[in-house]
Amino acid sequence: MFLFCVISVSPAWFSASESHDSELQALNSELSQWTDSPDPKRPPHTYRDGSTIDWLYEENLERQRKNRLRSQRGAKGILLPTLDTMKMWFVIVATGIGVGVTGASLDVLVKWLGDLREGRCSYGFFYNQVACCSGLDPGEICTEWRTWSEWFSVHSILGQSLLQSFVYMALAVVFAGSAAILVQTYAPYAFHTGIPEIKAILGGYVLDAFLSPWTLLIKGVGLALSVASGLSLGKEGPLVHVACCMAYNLSGFFPQFRHNEAQKRKLLAAAAAAGVSVAFGSPLGGVLFGLEELETFANETEVIWRGFVTSVIAAVSLQYVDPFGTSKLVLFQVTSGSDTWRAFELVPWLFLGVIGGILGSLLIKLNVAAAVYRRNSIMHEWPVLEVIGVSAITAAISYLVVFLRVQSSELVANLFQECDASKGDYHGLCNPVAMWRNVFLLTLTATVKIGLTAWTFGMMVPAGIFLPTIAIGASLGRAVGLLTQGMYRAHPTSWIFSSCPPDPTVRCISPGFYAVIGASAMLGGVTRMTISLVVILFELTGALSHVLPIMISVMVSKWVGDAFGEGGIYTAWIAMRRYPWLPSVEYKDQGEVAAQVMRPVDELVVIENRKCTLKELDALLKAHEFHGFPVVQEGQLLGYAIRDRLRAFLSMLSTGAATEQSEQICSFLPIRSEDPGSADLSPVLEKAVLQLRKEVPQELVVNMFQKLSLRHVLFTQSGKLTGMMTKSDVVSFLNAHFPHAAALAVPPGQSPWP
Ligand SMILES: *[C@@H]1O[C@H](CO)[C@@H](O)[C@H](O)[C@H]1NC(C)=O
């Protein structure tokens, strides 16, 4: 990896340093540093929350470990590496099964809790409505499922509606409130979707509390409660977080992962794919999600392969548990009347694409505004009260509109369904006379949901944005489909519809499929995913024959959305939280050079060789939280000293020794042993750091950070230090165009809630 930069970077950009290590020497020693066995005197790396891992170092550790195993003599040399691989596959398989079973249990739990808001099963409290009424012939009326008013034998109409709405709202508040209290008390990181953090963690960010067993438990339970409360949120995105927590915990049982942050992250990437696989019943979509949205698998065929396996195993486990009793992985089956579509339909579909792009951007902007407002208002101090209030408002509004009252997944499933006389009419959706009523209700549903989702996504409950977005898009799509169908019914002989049969009672337009198009357009606008989104959608709906229209709508909505501001909702949250995550987008500078972005030397905290005592060094480490410090001697760069290694070294020195040692001069160059007044800190010094000249174009610097997973670059001129740029400098430089960048940032290691 390092060779790449040597080849592709023109040598003129490297500092020429006559008086000091020439760059060739520097590179040589850098290379040998990664291949030789590590200096036993060099203390190992530890990372604090909020820092970024050193990929090159971790990869090197792994390489050495592998070599050690392979070089064992005899049968051990064959057995040990095999055992090593088997441990890895054990974690992969166990994660896959765990995620599949968890996803299925969550489905069951959510369905039961959600149905409980309307009534209960007469012969068993723990049955949901579908399970309660199973075994009936189609058309037979289910008498076993009792609404609450039936259960309590309330007969007056007024009493019935009062009781039903009271239970509906009260349970909503109880569910949402308990989810928020659980999150606040046990796992503050369990709120929100988790995908922005996962993206950052896979990129090297360290946030161990985010993947702790408590977070896993609370995220799972809280997710079921918050989804069942009817708040405008979904459980799909958080499943990715749940999956990563599982893989993290399982990997902790094996030292090969526990002690290597890079290897751990490769497992997390595979787990994330399994999360999506289970969330949407879409194993292929999970792999592509990892590839496209998490950007983890780039150049890592091995990681793709692991993600593939985890994803498949998770999907198989989900299907085996079969939470819905359908024995199908497809969650929202589309039953479109015909497999063909007609050219004129492109017009409403393009329209949906445009609408999806516009509304998607609007949703992102509203959500960012709501998050910033929440942070700066009194609500930030009372997150549980906020959740309770919003869930009460959501329940009150939702109860009034029939399409809002049902669970989002049920709504989406029915919007994707084609009207079919044998299946019954879902809340009058198929009644051609009620077209305008339906269009109005669907538009109202979409509008209300946009507002509620923008507020809800970011409250202190586990919340995903996929499902509400699908519901918004599906409502709008169905409305457009109904309008198109209405036009066709009114003018069946018009030239526009010449490709349809002239008899309007024959089905020509499938509003159910318009709902799919609307959903894909809206998702495209909100997440700006492309390939993985299309695959997820056709795996979700089984509409393989209609991939092309789905692709068209995603394409249009991404174009339109990007015109209103680049980056999906996850990127916006990463920018707001200021995670050190480098987007892999191609960056083009407009003539800027590194000198304009780097921190000049007089703003840096540097360590002067032989100018400070160990005590002063200790004080320096206490005063500054930086990850490392450049070491100079009269302005000449000697190398880079990483804070943690300095710390470890200092504590190693001070354990056995007395106080007079703290007066020793710290020397980063090897000293003669008979010099008692100096402490030899040379093992701590990283002598070979990447050095550039400050005239390098910024584009090149950003590119090196992206491609080489660097953490910092030093700038020198004739061996003299002139400045430094860190990954977080590059990240804030790239995020500067976000209107609310860093608005929600918290100091590393601190909880996001007060
Ligand atoms: C995994 O979970 C167990 C049980 O909750 C816990 O004791 C252990 O510390 C966890 N491991 C990691 C790496 O978090």
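Q: Buried means under 20% relative accessible area, exposed over 50%, and partly exposed in between (1.4 Å probe, protein chains only). With that in hand, how do you know whether Ile509 is buried or exposed?

A: Ile509 has a relative accessible area of 1%, which is under 20%, so Ile509 is buried. It is found in the loop between α20 (466-490) and α21 (511-527); helices here are DSSP runs of H or I with at least four residues, strands are E runs of at least two, and both are numbered from the N terminus. Its C-alpha atom is 44 Å from that of Val154, a residue 355 positions away along the chain.

Q: What kind of model do these values rest on?

A: It is a predicted model, in which local features need pLDDT of at least 70, side-chain atom pairs count only at pLDDT 80 or more, and totals for chains, interfaces and linings use all residues. Residues are numbered from 1 along each chain as its sequence is written, and side-chain values use heavy atoms, with hydrogens and water left out.

Q: What makes Tyr488 and Phe497 an aromatic pair, and which geometry do they have?

A: Rings of Phe, Tyr and Trp (its six-membered ring) pair if their centres lie within 6.5 Å; planes under 30 degrees apart are stacked, over 60 edge-to-face, and the rest tilted. The centres of Tyr488 and Phe497 are 5.5 Å apart and their planes meet at 70°, so the pair is edge-to-face. Tyr488 is buried at 2% relative accessible area, and Phe497 is buried as well, at 3%.

Q: Why is the pair of Tyr587 and Phe733 said to tie parts together?

A: Tyr587 lies in the loop between α24 (569-577) and α25 (594-597), while Phe733 belongs to helix α29 (residues 727-734), so the pair links parts 146 residues apart in sequence. This pair is edge-to-face too, with 5.6 Å between centres and 75° between planes.

Q: How do you know how Tyr587 is classed? And how is Phe733 classed?

A: Tyr587 has 16% relative accessibility and counts as buried. Phe733, at 23%, counts as partly exposed.

Q: How many aromatic pairs does the ring rule give?

A: The count comes to 21 aromatic pairs. Trp89, Trp305 and Phe308 form one aromatic cluster.

Q: What makes Arg120 a charge over the ring of Trp151?

A: The rule asks for NZ of Lys or CZ of Arg within 6 Å of the ring centre and within 35 degrees of the ring normal. Arg120 lies over the face of Trp151, at 4.1 Å from the ring centre. Arg405 likewise lies over the face of Tyr399, at 4.5 Å from the centre of that ring.

Q: How do you know that β11 and β12 pair?

A: Two strands pair if DSSP finds at least two bridges between them. Strand β11 (residues 712-717) is joined to β12 by 6 bridges and the two run antiparallel, so they pair. Within this pairing, Val713 stands opposite Met725. The hairpin of β11 and β12 has 2 residues between the strands, and Ser718 there takes a positive phi near 50°.

Q: What else joins β12, and what makes this strand mostly covered?

A: Strand β3 (residues 599-600) is joined to β12 by 2 bridges, also antiparallel. Arg599 stands opposite Met724 in β12. As for cover, 5 of the 7 residues of β12 (residues 720-726) are buried.

Q: What is notable about the phi of Ser153, and about that of Arg528?

A: Ser153 has a phi near 50°, a positive value in a residue other than glycine. It lies in the loop between α6 (148-151) and α7 (157-186), and it is partly exposed at 47%. Arg528, also not a glycine, has a positive phi of about 60°. That residue sits in the loop between α21 and α22 (531-541), and is buried at 8%.

Q: Which residues are around the ligand?

A: They are Pro213, Asn249 and Gly252, where near means a heavy atom within 4 Å.

Q: What makes the approach of Asn249 to the ligand a polar contact?

A: A polar contact is a pair of N or O atoms within 3.5 Å; within protein, one must be able to donate a hydrogen and the other to accept it, and residues adjacent in sequence count only if both atoms are side-chain atoms. An oxygen atom of the ligand is 2.4 Å from an N or O atom in the side chain of Asn249, so the cut-off is met. The protein covers 44% of the 360 Å² of accessible area that the ligand has on its own, by the Shrake-Rupley method with a 1.4 Å probe.
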